[in-house]
Structure formats: C-alpha cells, structure tokens
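This report walks through a single chain for a reader who has not met it before. It takes up one helix, then charged pairs, then aromatic rings, and ends with two residues in loops.

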Amino acid sequence: LLPQIFDEGNKIVNTVSAVAKLFLTKNFMVIYLTVLSMFFMFEFPLTPRRVSLINIFSIGLPSFIIALRNTNIGKLHNFSRELFSFVLISAGIIVGSSYIGQYYTEKVPFYSPEDIQMVMLSVIIMITSVNFLAVVIHKYEKNLRLYLLYALGLVGLYSFLAVTQSDFILIRWIKSFYEISYLKDVYWKSTFIISVLSAGLLFLVQKIREKYLKTIA
C-alpha cells in the first residue's frame, strides 16, 4: 500500500497547489490593477461586486472541479517557486490583456466608461478560464475532455449573461447584483480576439515555464 499512500499524498499537495494558483492569480491581478490605476492613472474596472463575480469564475467554480477530479500524482519539487512563478506570469498577462481591451474600446465612436469596464471585465473572465486549463492540464491527464468542456461552459455562461436582454427575474437579479451590463455587439469582436490571443499566449508561456523549472529542479 505504500506506493498508493505516496500517490495520494502527491495528489493532495497538487490539489492545494492548483487551488492556490487560482486564488493568488486573482489577488495579484487586483494588485496589478490597483498599482497601475494609482500611479499611472489607468482605468480600474472592478467594483466589489465584479470582484465577487471574478471570484466565482476564476476560483470558486474551477476549484470545485479540481477538488473533485484532480488526478495529478506528479511530485512537486518546489512549492513556492512553482506557485509564484505561475501566479506572476498569469496575473501579468491577464491585466495587460484587459488594458489592450480598453485601448481598442476607446477606438469605437461614442464609447462610454461602462463599455470600457465591461470589455475589461469580459477579457479578464475569459482568460481566467484558460488560466484554469493551464493549472489542471498536465502530462497523461485523464480528465482533459472534462476540463475543456468545463472551461468552455464557464465562458459560455458569462457570455450569455453579458449578451442576453432577457427579463426573466433570476437573470435580471444576477446581472443587477453582479453589475453585468449589456455588452454591445460592436465590442465583441475585439473582446473575443484579444481573449483568444492572450489566452493562447498565457497557456504557451506557462508550459515553457514548466519545462524550464523541470530543467533546474
């Protein structure tokens, strides 16, 4: 039974590491946004309720599936180095992409501050779904299809809330509580392109980081 005991221990450590990556990525993302808005007068797109919305999509729902389905039994050589190298890269790419979204939103005639904030929020939530994949996908992953469908489901759920104009009481309450405004069609193309390209960059850089850390372990 001893090999199984070690595998279970590694699985627990990797689960804690994965959830910590999601949690700290969101925290560092807010820190980056705060510093940039304080010292460089950049747009700060987050209200407390929108931070709660990001918590749901970037931490709460992904952590739930990780806790249930994680099968990673690989040995983690340096917890702190693995954690903070991941977090600093992901948070930086997510925040940078959100400001790129702001830049292109300002190119559209008659934009409003609310439009800027919704584009930035949309970019952040979409990329955090791929950040979840960067956390959970590893060599010989058994739940690859499940994780991909889950990430697509998160993006689809948020996109539905951002585009629907349904007057159904539950949808109206959710959008009002979390301050999800209607995102106009004119902004979706740039939002989608920025999100896809940035998500691809994030996933690629994280895999390069993983390989580099293995070479120095």
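Helices, as named here, are DSSP runs of H or I with at least four residues, numbered from the N terminus. The model is a predicted one, and the loops below are named by the helices on either side of them.

**Helix α2**

Helix α2 covers residues 48–69, which gives it 22 residues, and it reaches 30 Å from its first C-alpha to its last, close to the 32 Å expected at 1.5 Å a residue. The helix bends by about 40° at Ile-56. A number of its residues are buried, among them Arg-50, Leu-53, Ile-54, Phe-57 and Ser-58, and the list continues further along the helix with residues including Pro-62, Ser-63, Ile-65 and Ile-66. What covers the buried residues of α2 includes three other helices, namely α1 (2–40), α4 (113–136) and α5 (144–163).

**Charged pairs**

Side chains of opposite charge can pair when their charged atoms come close. In this model the count comes to 7 salt bridges, and three of them are set out in the table.

| Salt bridge | Closest N to O distance | Separation in sequence |
|---|---|---|
| Glu-82 and Lys-21 | 2.6 Å | 61 residues |
| Arg-209 and Glu-82 | 3.1 Å | 127 residues |
| Asp-115 and Lys-184 | 3.7 Å | 69 residues |

The pair of Glu-82 and Lys-21 meets in a salt bridge of 2.6 Å, and it links distant parts of the chain, with Glu-82 in helix α3 and Lys-21 in helix α1. Glu-82 has a relative accessibility of 13% and therefore counts as buried, and Lys-21, with a relative accessible area of 7%, is buried as well.

Glu-82 also forms a salt bridge with Arg-209, where Arg-209 belongs to helix α7 (residues 185–216) and Glu-82 to helix α3. Both Arg-209 and Glu-82 are buried.

The salt bridge between Asp-115 and Lys-184 likewise links distant parts of the chain, since Asp-115 is in helix α4 while Lys-184 is in the loop between α6 (169–177) and α7. Asp-115 is buried, with a relative accessible area of 5%, whereas Lys-184 is partly exposed, with a relative accessible area of 38%. Which residues do salt bridges with shared partners join into one network? They are Lys-21, Glu-82 and Arg-209.

Two positively charged side chains are also placed over aromatic rings. The charged end of Lys-21 sits over the ring of Phe-86, at 4.9 Å from its centre, and the charged end of Arg-49 sits over the ring of Phe-177, at 4.6 Å from its centre.

**Aromatic pairs**

A pair of aromatic rings is described by the distance of the centres and the angle of the planes. The structure holds 10 aromatic pairs. In one of these, the rings of Phe-28 and Phe-84 have centres 6.4 Å apart and planes at 75°, so the pair is edge-to-face. Phe-28 lies in helix α1 and Phe-84 in helix α3 (residues 79–105), so this pair ties together parts that are 56 residues apart in sequence. Phe-84 has a relative accessibility of 37% and so counts as partly exposed.

Another pair, that of Phe-42 and Tyr-99, is also edge-to-face, with 4.9 Å from centre to centre and 65° between the planes. It links distant parts of the chain that are 57 residues apart, because Phe-42 is in the loop between α1 and α2 while Tyr-99 is in helix α3. Phe-42 counts as partly exposed at 38% relative accessibility, whereas Tyr-99 counts as buried at 11%. Ring pairs further link Phe-28, Tyr-32 and Phe-84 into a cluster.

**Two loop residues with positive phi**

Met-41 is placed in the loop between α1 and α2, and although it is not a glycine it has a positive phi of about 60°. At 69% relative accessibility, Met-41 counts as exposed. The C-alpha atoms of Met-41 and Lys-207 are separated by 33 Å, the two residues being 166 residues apart along the chain.

Phe-110, placed in the loop between α3 and α4, also has a positive phi, near 65°, in a residue other than glycine. With a relative accessibility of 80%, Phe-110 counts as exposed.

Notes: Residues numbered from 1 in each chain as written. Predicted model: local features only at pLDDT ≥ 70, side-chain atom pairs only at ≥ 80, totals over all residues. Heavy atoms only, no water. Expected span 1.5 Å × (residues − 1). Bend = angle between axes of the 7 residues up to and from the residue. Buried < 20%, exposed > 50% of the residue type's maximum accessible area, 1.4 Å probe, protein only. Contact = heavy atoms within 4.5 Å. Phe/Tyr/Trp six-rings, centres within 6.5 Å; stacked < 30°, edge-to-face > 60°. Lys NZ or Arg CZ within 6 Å of the ring centre and 35° of its normal. Salt bridge = Lys/Arg side-chain N within 4 Å of Asp/Glu carboxyl O.
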